[in-house]
Amino acid sequence: MNPSAVDLRSDTVTKPTAAMRAAMAQAEVGDDVFGDDPTVIALEARMAKLAGKEAALYVPSGTMGNQLAVNVLTRPADEVLLESQSHIYYYEQGGMAATSGLLAHPVHGERGVLPLDTLIAALRDPDDHVARVTLVCAENTHNRAGGAVVPLAKLQELARMARAHGLKLHLDGARLWNAHVATGVSIADYAACADTVMMCFSKGLGAPVGSILVGNAEHVRAARRVRKRWGGGMRQAGILAAACLHALDHHITRLADDHARAKRLAEGFQVPGATVIAPDTNIVFVDLAASLPDAKTLVAELEKRGVRMSAYGPRRVRAIAHLDVDDQGIERAIAAFREILTANALR
Ligand SMILES: Cc1ncc(COP(=O)(O)O)c(C=O)c1O
């Protein structure tokens with residue numbers, strides 16, 4: 001791969017900054033499985049406080065955080081309502097069925113917002129013929145809806161509905177930071193809607209590894225036990241947690257730069273035949289008309305020009321702004337994109 005390429009495939013491609021690496025090198029560590037790592041303990045305490053929850057658990061990935069949440073909030077054979085394009089349903093390999101014995105009930109949402117009437121229609125009276133619907137999962141920001149912010153009022157309505165029907169609510173907040181910076185709504189206000197929330201440090205915040213699961217003490221205790229069973233107990237994990245603490249101090253407010261750069265990309269990508277979905281946060285989707293090259297061809301042509309984007313369907317491409325892309329990189333990406341599509345070089 002070209003090391004000077006502008007890599008817009010994901011906000012997970014960021015590399016730790018020199019200051020982050022220094023913080024990692026200096027981290028005090030211990031054996032976290034014994035509960036001895038002071039840096040992990042500090043990260044978990046800080047995140048529980050930030051989210052207004054009793055406890056937090058540092059986990060290796062967002063996927064593990066989500067899967068732990070659905071595991072501890074349900075019993076095998078329960079049914080889970082979730083958005084049909086959500087990460088938990090779409091990108092976690094049916095993990096909730098494989099590891100927790102759960103039945104997924106996908107529901108189509110609009111820009112990540114789950115329709116309450118459809119959810120309510122999916123509930124059933126207790127009966128020995130049917131599965132128990134016990135959990136609903138939301139995602140904010142919603143990745144496959146283009147980094148869409150789910151408005152707080154919508155999450156609050158969902159939470160009221162869930163409580164009224166005795167359902168638990170898990171929030172996949174891999175990019176809740178972006179929603180927070182885009183709207184000014186606090187992490188705690190979003191988290192108050194849910195029983196458990198997962199947030200990633202390894203996306204827009206630029207840490208190399210790790211996510212957090214927050215919730216009440218009982219759920220987090222249960223998740224800690226299951227994390228160990230799944231092989232996710234890490235020993236001197238403070239070296240990684242130090243990067244996350246550094247990111248909390250230095251990389252939250254700067255997400256506004258990524259959002260501004262995503263807007264600039266969205267402007268620059270306006271060419272005939274390309275439909276750009278206006279970004280709420282750092283993710284830009286472009287749909288390509290049949291008159292244009294398809295997504296794979298466009299991605300291959302961009303690559304030749306030192307720009308990396310993802311094909312997100314046969315005629316959809318995705319670009320994500322992040323810590324390791326500056327204004328110059330954004331302009332390079334726009335120039336390459338326009339050169340390929342406006343000059344129609346391929347036809
Ligand atoms: C919305 C969402 N949730 C969860 C995850 C999973 O995170 P990880 O890659 O750390 O497992 C991702 C990863 O891209 C994501 O976009």
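Let me begin with one pair of residues, E303 and R308, whose side chains meet in a salt bridge with 2.9 Å from N to O; by salt bridge I mean a side-chain nitrogen of Lys or Arg within 4 Å of a carboxyl oxygen of Asp or Glu. Of this pair, E303 is partly exposed, with a relative accessible area of 31%, whereas R308 is buried at 14%, where buried means under 20% relative accessible area, exposed over 50%, and partly exposed in between, with a 1.4 Å probe and protein chains only.

Before going on, I should say that this is a predicted model, in which local features need pLDDT of at least 70 and side-chain atom pairs count only at pLDDT 80 or more, while totals for chains, interfaces and linings use all residues. Residues are numbered from 1 along each chain as its sequence is written, and side-chain values use heavy atoms, with hydrogens and water left out.

How many salt bridges does the rule give? The count comes to 18, and among the residues involved, E301, K304, R305 and E339 are linked in a network.

Another salt bridge joins the side chains of E44 and R224, at 3.2 Å from N to O. Because E44 lies in helix α2 (residues 38-51) and R224 in helix α10 (residues 217-229), this pair ties together parts that are 180 residues apart in sequence; helices here are DSSP runs of H or I with at least four residues, numbered from the N terminus. E44 is buried, with a relative accessible area of 9%, while R224, at 25%, counts as partly exposed.

Technical notes:
Helix = DSSP H or I, 4+ residues; strand = E, 2+ residues; numbered from the N terminus.
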